[in-house]
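Me: Please take a close look at one part of this assembly, the interface of chain A and chain B, and describe what is found there.

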Protein chains: 6
Amino acid sequence: MATIQTTDTELFDFMQRELYVSVLSDVLDRLGYREQAMDATIRPIYTDAIVVGRAHTALSTDVYEMPSDAYSAEIAAIDSLRPNDVLVAATNHSTRTCFWGELLSTTARARGARGAIIDGHVRDVRRIEQMQFPVFATGLRPVDSAGRGLVVAHGTPVICGGVLVHPGDIVFGDSDGLVVIPQVVEQEAIERAKEKVAGEDRARQDLERGDLLRDVYDRYGVL
Amino acid sequence: MATIQTTDTELFDFMQRELYVSVLSDVLDRLGYREQAMDATIRPIYTDAIVVGRAHTALSTDVYEMPSDAYSAEIAAIDSLRPNDVLVAATNHSTRTCFWGELLSTTARARGARGAIIDGHVRDVRRIEQMQFPVFATGLRPVDSAGRGLVVAHGTPVICGGVLVHPGDIVFGDSDGLVVIPQVVEQEAIERAKEKVAGEDRARQDLERGDLLRDVYDRYGVL
Amino acid sequence: MATIQTTDTELFDFMQRELYVSVLSDVLDRLGYREQAMDATIRPIYTDAIVVGRAHTALSTDVYEMPSDAYSAEIAAIDSLRPNDVLVAATNHSTRTCFWGELLSTTARARGARGAIIDGHVRDVRRIEQMQFPVFATGLRPVDSAGRGLVVAHGTPVICGGVLVHPGDIVFGDSDGLVVIPQVVEQEAIERAKEKVAGEDRARQDLERGDLLRDVYDRYGVL
Amino acid sequence: MATIQTTDTELFDFMQRELYVSVLSDVLDRLGYREQAMDATIRPIYTDAIVVGRAHTALSTDVYEMPSDAYSAEIAAIDSLRPNDVLVAATNHSTRTCFWGELLSTTARARGARGAIIDGHVRDVRRIEQMQFPVFATGLRPVDSAGRGLVVAHGTPVICGGVLVHPGDIVFGDSDGLVVIPQVVEQEAIERAKEKVAGEDRARQDLERGDLLRDVYDRYGVL
Amino acid sequence: MATIQTTDTELFDFMQRELYVSVLSDVLDRLGYREQAMDATIRPIYTDAIVVGRAHTALSTDVYEMPSDAYSAEIAAIDSLRPNDVLVAATNHSTRTCFWGELLSTTARARGARGAIIDGHVRDVRRIEQMQFPVFATGLRPVDSAGRGLVVAHGTPVICGGVLVHPGDIVFGDSDGLVVIPQVVEQEAIERAKEKVAGEDRARQDLERGDLLRDVYDRYGVL
Amino acid sequence: MATIQTTDTELFDFMQRELYVSVLSDVLDRLGYREQAMDATIRPIYTDAIVVGRAHTALSTDVYEMPSDAYSAEIAAIDSLRPNDVLVAATNHSTRTCFWGELLSTTARARGARGAIIDGHVRDVRRIEQMQFPVFATGLRPVDSAGRGLVVAHGTPVICGGVLVHPGDIVFGDSDGLVVIPQVVEQEAIERAKEKVAGEDRARQDLERGDLLRDVYDRYGVL
């Protein structure tokens, strides 16, 4: 991937400010990537959280006793975050453990990471909201992970929210949900997304003045 | 149904301003209509959304390839909305497709519709909130419906949120959930709801000053 | 239990102001009480609700006809609330009935109760929020309980949110979820929670300045 | 209901021998009773079990401590079974308790009852099969009900498998599932079922010799 | 697809007699087709049912009123079955309708079809077993489809049991579950399956005489 | 644990022949161990399978790519089975992978193991039935585990079917389900089970001759 770090920062800032997730989903559809939207169970933990960055993956499994070393693999996963990364954690939709919290958010932000996406539970939601560190999760649970969940790998492909995520894929989430943008199409997808935003503006104006959806769809081809 | 259009507008404005859903549910109970409250999976997509109007129904099924004509039936369902209608869409609780979004909200509002209720997913939540167009749904998913869901009928009875909804029934939703008011009892139900609101005010006052619930219930018969 | 009533008031006010649920969960873990956090299905019904008090339990079962006496056992359960109590109701995760609402909240507050936790549905969410009476539940449904749910006992141990709750246990809930503090360890748990809060402040500062999580964890032993 | 006991015995023996559940479901459909088939979660616990009789209902709720009197209400429910009754128990799909077993089957058979239908778990499946006492349930669990489930009523209407069952309704179950035949239509339903069985035989013969389904359906109106 | 009809008959008879589903799943894995096994919710409705043939697909949606023409699309789907076809029906895991029964089985067999796979409910299980017509489904429900489910398409790709099935793909099911064999790899997959069966026989012999799994796996590379 | 190996063999043969799971569940209840019965999702994969032995535990997690070494930990878990062991595998109720099959059954039997209990899917059900090697699982899926599930530990406590299982605990399963007998009470539990079996015989005789359940329960105290 030829994109350099500073470009990523500019790109992700631009996406966060100007694009939105549903338009990226539409252009990925048209590029033939139709299984890139995570399922609806993963939600932002505070209103208006937006996340965009490159996936840094982790895999956690439920455990049922306190291991001799409960945290080392998790610490390694977090300490290896780089600027513009987003932690993407697969817990197999665990309802037992809690993968993320305030101190991990503080650590991740200090490494330059831009957010976290977990197909499981998190905690410390108010403090994370105060930090404005965007976290997406399936729910809240106030427990520590030690003896409940164990990181078994990081940096491997994972399925999170029903989508296969490779390390380095762009993940993008807002109030509508999350999409995963494969690296091979990221430039084309983002270019097309810019164009589609403009097209929707024109359709919206015609619909607001009372045109039939039938006519507007025939005119612009968007819905 | 003798109610004329202007009366509907006044009625629905009044209901939205002065009544609430739980009191309608209670009077429907007493009129013998005890299965009129939708289940708890359908929620307003933004805080304090209130919807009231006559049901205009649609039925959508999951599909697994791009049809030759993905949108025509959906466009017909939306373009046939009339003033004071509420779109009520049954998707069989689909977690695959996304039935509703901003452009459909814009279209529906331009036709005079008062909201949308979907037993499935929607998108563009922030823009819909900015429009203050009340939408109730089971969740958010950022995908387009083309090749995922297909409208197969509109204007037929559907089960939405566990309740059989006939076209023309009044649907009423607020932060507590949704009720469907069958047309044969709508006048009596609304009259009784007005009276019950007054009764609850008196009970509340007595409870606030510390009376036992036992005594207040014996006094007013409300809980 | 030697704790007197005024002490409970002071203690619960302090906990509500200074402590949080996840830190109590952690100290209970270390005291060997690892199954004290309710599952993630029970949520505060309005933002920033915090509840703390002694459990006053009730058990409700779904019913399918209007009983001759629909409310007496429920009224007895509510009228027996004492100052600093929190109503903890097990409905077996009913999706049929609605256990709690505004008038019950008004009654409970008039008795000095501090909140309600229900593993089922409630209604009147906006009015309860206006009262700032903290209620935690699995969802909202606008129906009355008569003929849908029936209180069959109060003051007995119940499992609520997956945790066995004995009458008199301290229950504590905030935006991260809920923990149940068994009476035998309540003093030690609260003392340790105070200390842990301080420890996390130091760790947070080190992480904010960019220290590796590995080093900070080795230094303070918290995550 | 004028049907006398001996007639019931003859009727139920005939139904068990000559009719089947799906044909009863079809004639109930045509009589306008379209919600009489239980959902697919309740299954015969041994192959080829067939049950038919009049519903004797019970309602059980999950409990979380050993009550002072765990069995009295359950014993009363069983001891009040009469000849040709079928025990229909609603447990709210409990996965905690186990409502039925071998000794209850022995008791029920000694009272002349013809079977049991439980929307929950049972045990002693092999011994019940040896008795050839038809039991339908959602699963098997080897636990005793004491301290797990408590009978709170018998002889009241219950919803079992999604269908409202009144005491005295005929319940009929075979390998395809279960239907509830309301008392007001039982004579007409059974008469029509006899006729429909004959019609299906003719259609089957034509289909077996290779006629198109289109033609056979047009000829006999059955599918 | 160059395979002629008589070859299909011979091939499917051979597969039914000599191969099994799990070995096909393994060779598809090795050919890079790793998402070809349906999920575990679809089961044979009688013991030892085995199905193999080419998929003839249908799509059904739940409906909530009796349509003017309830059966025509379904009849067309069934009457278009050809020899060696297997009906593969997607109902979106409907728990409301019942897609298949004895008369449809009779019709399908008369057309030369080899079985049916439904991600929903069926009925007439005992008569279908007597016919030895292999049907796989998620459960049994004794209802007619009219007014409950409606066929909206046939001959299109569908997702059934979590797997995308194209018309003409070989579907193969036994007591272990179901796999879908894409047409482009069917010849290679079946050749490799024959070889793998032989390899497993050698490994089994070594394991039976007590060799360590470690050694046998190193020797033959199968598990 | 003083019990020697030959005693275990004799004990487990006796239990398999003379005792049954529900009676063990009852005596564990009375000894104060009330959470020892697994949930109803784990079933014998063939009729009349009975398993009894000492738990040898394994923990598997879902994975989403082919690991460099897919089988080593699994092989180690299986090769370390000793005579009279039963493999108890926790997969977190995986619906993706398949933990067990014929070759593992062959290996386990060659090591002297008496069966396998998996809270996930297995395959090769017919061949395992031919071996009469008792396997209990949540379902059947025809896939290989490589790249779908990975063993991460063996010999640690696991939660399987909702019950905490320690290595060396006796696990006992039949057609009614499964119980875990903690080592500290195994001798007393088995002694009491022998006595209870006799008591039930007397109660059954009295019930068969028509005594009321009320009287028989008062006489023998069993239900």
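Reply: Across the interface of chain A and chain B in this predicted model, the rule finds four salt bridges, a salt bridge being a side-chain nitrogen of Lys or Arg within 4 Å of a carboxyl oxygen of Asp or Glu. One of these joins the side chains of A:D48 and B:R126, with 2.7 Å from N to O. Polar contacts (pairs of N or O atoms within 3.5 Å, where one must be able to donate a hydrogen and the other to accept it, and residues adjacent in sequence count only if both atoms are side-chain atoms) link 17 residue pairs between chain A and chain B, both residues at pLDDT 80 or more.

On the side of chain A that touches chain B, at least two residues each come from helix 2 (21-30), strand 12 (177-181), helix 6 (186-208) and helix 7 (213-220), these being DSSP runs numbered from the N terminus (helices H or I of at least four residues, strands E of at least two). Helix 2 of chain A gives the most, with six residues. By class, this side of chain A has 14 nonpolar, six polar and 13 charged residues, where Asp, Glu, Lys and Arg count as charged and Gly is among the polar ones.

In total, 33 residues of chain A are in contact (heavy atoms within 4.5 Å) with 28 residues of chain B.

Residues are numbered from 1 along each chain as its sequence is written, and chains are lettered from A and ligands numbered from 1 in the order in which they are written. Local features need pLDDT of at least 70, side-chain atom pairs count only at pLDDT 80 or more, and totals for chains, interfaces and linings use all residues, while side-chain values use heavy atoms, with hydrogens and water left out.
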